[in-house]
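Trainee: I am new to this structure and would be grateful for a close look at one part of it. Please choose a residue, describe its surroundings, and then explain how they fit into the rest of the chain.

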Amino acid sequence: MLTFPSCKINLGLRITEKRADGFHNLQSCFYPVSWGDIVEIIPADEFTFGSSGLAIPGDSQHNLCVKAYNLLKADFDLPFVQMHLHKLVPIGAGLGGGSADAAFVLKSLNEQFGLALGVSTLEDYARLLGSDCAFFIQNRPLYCVEKGDVFSEISVDLKGYHLVLVYPNLAISTAEAYAGVKPHQPTIPLIEQLQMPIGTWRDWVHNDFEDSLFPKYPVLAEIKQQLYDAGAVYASMSGSGSTVYGIFNAPIVVPNQFSAYRVWKGEL
Ligand SMILES: C[C@@](CO)(OP(=O)(O)O)[C@H](O)COP(=O)(O)OP(=O)(O)OC[C@H]1O[C@@H](n2ccc(N)nc2=O)[C@H](O)[C@@H]1O
Ligand SMILES: Nc1ncnc2c1ncn2[C@@H]1O[C@H](COP(=O)(O)OP(=O)(O)O)[C@@H](O)[C@H]1O
């Protein structure tokens, strides 16, 4: 069976406090983007995992796809499978690509082998694999709090807008990004700011990781400005970086300044 994990952008990201368990509480709206990887899962005589496309750092036995399989295998009588990941979404990009792979493997195994697990059970398994993994079980716009794994409804609909993602060939690990952040409560909760017209978001909707990462990697602020110069109604870094995105009213010709970078564009 083939499955097509997608990725996400963060519409605003406020880091509100450091928790006793070392993680951080946050406020964000996770919004699905249709760029993604490809995973094939076929029943086999023994478990194997392979990948192609972009190189993934680390031992393949620690790949989130393998972890997702092992998690379900520990609780259910799953057959062995041959799993292959074709990696297209950049790593350390703030797009949640690895988390999406894991969540889509959970959903695919559930469907393929008739485990009959519901959404909330799948989300519980996903939470064990990473803070932003549970989002990809429902994979629809959601307001996220706590570790980014507790959800509520939000009426943000960007259908018809055009998205440009710019990955500046620079991987930023999530741990590095959190290490530089100074948690604080926003004066207005992000969920209220996102109810304002998108044309006002530039003044209100903020990604707190920009405060420490833009001075460290000035190219990120340059890309954001270039996206505004190209006519974006809103531009921001996604998640813990390094991807910077622009939301446009209409399709654009990608500016020449981005020719050295990995660029994806499509409709939201
Ligand atoms: C920043 C966000 C926001 O969307 O996503 P990315 O931009 O990385 O995709 C997420 O919080 C990333 O979630 P995820 O990538 O799943 O992180 P995890 O594997 O759970 O944790 C990696 C490390 O990040 C830190 N971490 C993560 C989540 C969180 N709420 N607080 C944290 O402090 C911890 O140091 C942890 O050891
Ligand atoms: N299937 C996978 N795809 C991408 N990264 C993976 C995967 N499995 C494990 N990882 C590890 O997860 C980290 C990157 O996660 P990813 O979700 O791609 O980035 P980000 O958190 O910036 O969105 C890297 O340390 C990488 O080695």
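Mentor: Glycine 96 counts as buried, because 31 other C-beta atoms lie within 10 Å of its own and the threshold for a buried residue is 20 or more. Please keep in mind throughout that the model is predicted. Glycine 96 sits in the loop that links S6 to H2. Strand S6 covers 81–87, and helix H2 covers 97–112. Apart from residues within four places in sequence, glycine 96 is in contact with Cys7, Lys8, Asp132 and Gly239.

The UniProt record, in an unreviewed entry, lists a "binding site" feature whose positions include Gly96, together with Leu95, Gly97 and Gly98. Pro90 and Ala100 are also among the positions listed for that feature.

Leucine 95 is likewise placed in the loop between S6 and H2. Leucine 95 is classed as buried because 30 C-beta neighbours lie inside 10 Å. When residues within four places in sequence are set aside, its contacts are Cys7, Lys8, Val89, Ser238, Gly239 and Thr243. Cys7, Lys8 and Gly239 thus appear in the contact lists of both leucine 95 and glycine 96.

What does the record say about Lys8 and Asp132? In UniProt, again in an unreviewed entry, they carry the feature "active site". Although the two positions span 125 residues in sequence, their C-alpha atoms are no more than 9.7 Å apart, so they gather at one spot.

Each of these residues deserves a closer description. Lysine 8 belongs to strand S2. Lysine 8 is buried because it has 27 C-beta neighbours inside 10 Å. Beyond residues within four places in sequence, lysine 8 is in contact with Phe30, Tyr31, Pro32, Val33, Leu95, Gly96 and Phe135. Aspartate 132, by contrast, is located in a loop, the one that runs between helix H3 (119–127) and helix H4 (135–138). Aspartate 132 is buried as well, since 28 other C-beta atoms lie within 10 Å. With residues within four places in sequence left out, its contacts are Gly96, Ser99 and Gly148. Glycine 96 is therefore in contact with Lys8 and with Asp132, on the contact criterion of C-beta atoms within 7 Å.

The strand that holds lysine 8 leads to the wider architecture. S2 is part of an open sheet of four strands, ordered S2-S3-S7-S8 and paired in the antiparallel sense. S2 and strand S8 (150–152) are the edge strands, each with a single partner, so one side of each has no neighbour in the sheet. On average, neighbouring strands of this sheet are turned by 20° against each other, direction ignored. Inside the sheet, S3 pairs with strand S7 (residues 142–145) over three antiparallel bridges. Serine 28 has cysteine 144, in S7, as its bridge partner.

Finally, consider the chain as a whole. The domain assignment divides the chain into domain 1 (2–152) and domain 2 (162–267). The centres of the two domains, taken over C-alpha atoms, are 23 Å apart. Across their boundary, 25 residues of domain 1 are in contact with 33 residues of domain 2. On the domain 1 side, strand S2 (7–18) and strand S3 (24–33) each supply at least two of the touching residues. S2 gives the largest share, 10 residues. By type, the touching residues of domain 1 are 12 nonpolar, 10 polar and three charged.

Within domain 2, UniProt places the feature "domain: GHMP kinase C-terminal" at residues 201–248, from an unreviewed entry. The end C-alpha atoms of residues 201–248 lie 13 Å apart, and the span is 50% helix and 19% strand. Gly239, one of the contacts of glycine 96, falls inside that annotated span. The surroundings of glycine 96 can thus be followed from Lys8 and Asp132 to Gly239.

Conventions
Residues are numbered from 1 along each chain as its sequence is written. Chains are lettered from A and ligands numbered from 1 in the order in which they are written. This is a predicted model: local features need pLDDT of at least 70, side-chain atom pairs count only at pLDDT 80 or more; totals for chains, interfaces and linings use all residues. Domain bounds come from an automatic or database domain assignment. Two residues are in contact if their C-beta atoms, placed from the backbone, lie within 7 Å. Ala, Val, Leu, Ile, Met, Phe, Trp, Tyr, Cys and Pro count as nonpolar, Asp, Glu, Lys and Arg as charged, and the others, Gly among them, as polar. UniProt positions are given in the numbering used here, feature names are shortened, and annotations may be inferred rather than shown by experiment. A residue is buried if 20 or more other C-beta atoms lie within 10 Å of its own, exposed if 12 or fewer, and partly exposed in between; C-beta atoms are placed from the backbone. Two strands pair if DSSP finds at least two bridges between them. Axes are lines fitted to C-alpha atoms, for helices over the stretch in contact, and angles run from 0 to 180 degrees between N-to-C directions.
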